[in-house]
Amino acid sequence: WIAQQKIIAFRKHEVVYDHGRKRRFPIILDRGHRGHVEREAVNAPIQGSVSDMTFLANLDTLNQLEEEGIRVKPWPHIHDGFLFQIDEDHVDRGVQITMERMHDVGFKTDVHFATEIKTGTRWGDMKTVYSG
């Protein structure tokens, strides 16, 4: 797969993530730059696909919470995670929905992606309530 990604990057000047986003490489300047492009051609689809998966799970989670009438305040997407605020009496349902959505976002792979869910009233005081 790694060799294939490098070949695709040099032939097509781009690589494609699992959800269709592209990382383009319009110009390869020299041998040093070629090495950089090779590393990016391998790394970008992996990190980008995981970011897409996390973002989709975030949207699915927020939509499900809203469908169930649970008020939610989303915060910006954070690299490989997301954060939102809900009323304390809906935390258990929020955790359940998040677990379901993180494990079913239509991302086809044999690789297990770990999910960790934390709850708390302040960022530094959050406790892990699910890890799997």
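Helices (H or I, at least four residues) and strands (E, at least two) are DSSP runs, numbered from the N terminus. With those names in hand, let's work through some exercises on this predicted model.

**Exercise 1. Find which element gives the largest share of the lining of the largest pocket.**

Solution.
- Start with the space itself: the largest pocket holds about 1000 Å³.
- Next, look at its lining, which is made of 31 residues. Those nearest the centre of the pocket are F82, L83, F84, K118 and M126.
- Now list the elements that give two or more residues to this lining: α2 (31-67), β4 (84-86), α3 (91-102) and β5 (116-119).
- Among these, α3 gives the largest share, with five residues.
- To finish, sort the lining by class: 16 residues are nonpolar, nine are polar and six are charged.

**Exercise 2. Describe how helices α1 and α2 pack, and name the residues that make the contact.**

Solution.
- Locate the first partner: α1 covers residues 2-12.
- Take the geometry of the pair. The angle between α1 and α2 is about 115°, and their axes are 9 Å apart.
- Add the handedness: the crossing of these two helices is right-handed.
- Then read off the contact. Helix α1 brings I2, Q5, K6, A9 and F10, while α2 brings R34, V37, E38, A41, V42 and P45.
- Finally, sort the contact residues by class, which gives seven nonpolar, one polar and three charged.

**Exercise 3. Decide whether W1 is buried or exposed, and find what W1 touches.**

Solution.
- Place the residue: W1 sits in the segment before α1.
- Check its accessibility. The relative value for W1 is 51%, and exposed means over 50%, so W1 counts as exposed.
- Look for contacts, setting aside residues up to four places away in sequence: W1 touches V42, P45 and I46.
- Pick one of these partners, V42, and compare chain with space. W1 and V42 are 41 residues apart along the chain, and their C-alpha atoms are separated by 8.5 Å.
- Link back to Exercise 2: V42 and P45 of α2 also belong to the contact with α1.

**Exercise 4. Decide whether N58 is buried or exposed, and find its contacts.**

Solution.
- Place the residue: N58 lies in helix α2.
- Apply the cut-off. Buried means under 20% relative accessible area, and N58 has 6%, so N58 counts as buried.
- Leave aside neighbours within four places in sequence; N58 is then in contact with H77 and F82.
- Link back to Exercise 1: F82 is one of the residues nearest the centre of the largest pocket.

Technical notes:
Residues are numbered from 1 along each chain as its sequence is written. This is a predicted model: local features need pLDDT of at least 70, side-chain atom pairs count only at pLDDT 80 or more; totals for chains, interfaces and linings use all residues. Side-chain values use heavy atoms; hydrogens and water are left out. On a 1 Å grid over the protein atoms alone, a cavity is a set of points where a 1.4 Å probe fits but cannot get out, and a pocket is an open set with protein on both sides within 12 Å along at least five of seven lines; lining residues have an atom within 4 Å of a point. Grid points are joined across faces, edges and corners, and a volume is the space filled by probe spheres set on the points. Ala, Val, Leu, Ile, Met, Phe, Trp, Tyr, Cys and Pro count as nonpolar, Asp, Glu, Lys and Arg as charged, and the others, Gly among them, as polar. Axes are lines fitted to C-alpha atoms, for helices over the stretch in contact, and angles run from 0 to 180 degrees between N-to-C directions. A crossing is left-handed if the near helix is turned anticlockwise from the far one by less than a right angle, and right-handed if clockwise. Contact means heavy atoms within 4.5 Å. Buried means under 20% relative accessible area, exposed over 50%, partly exposed in between (1.4 Å probe, protein chains only).
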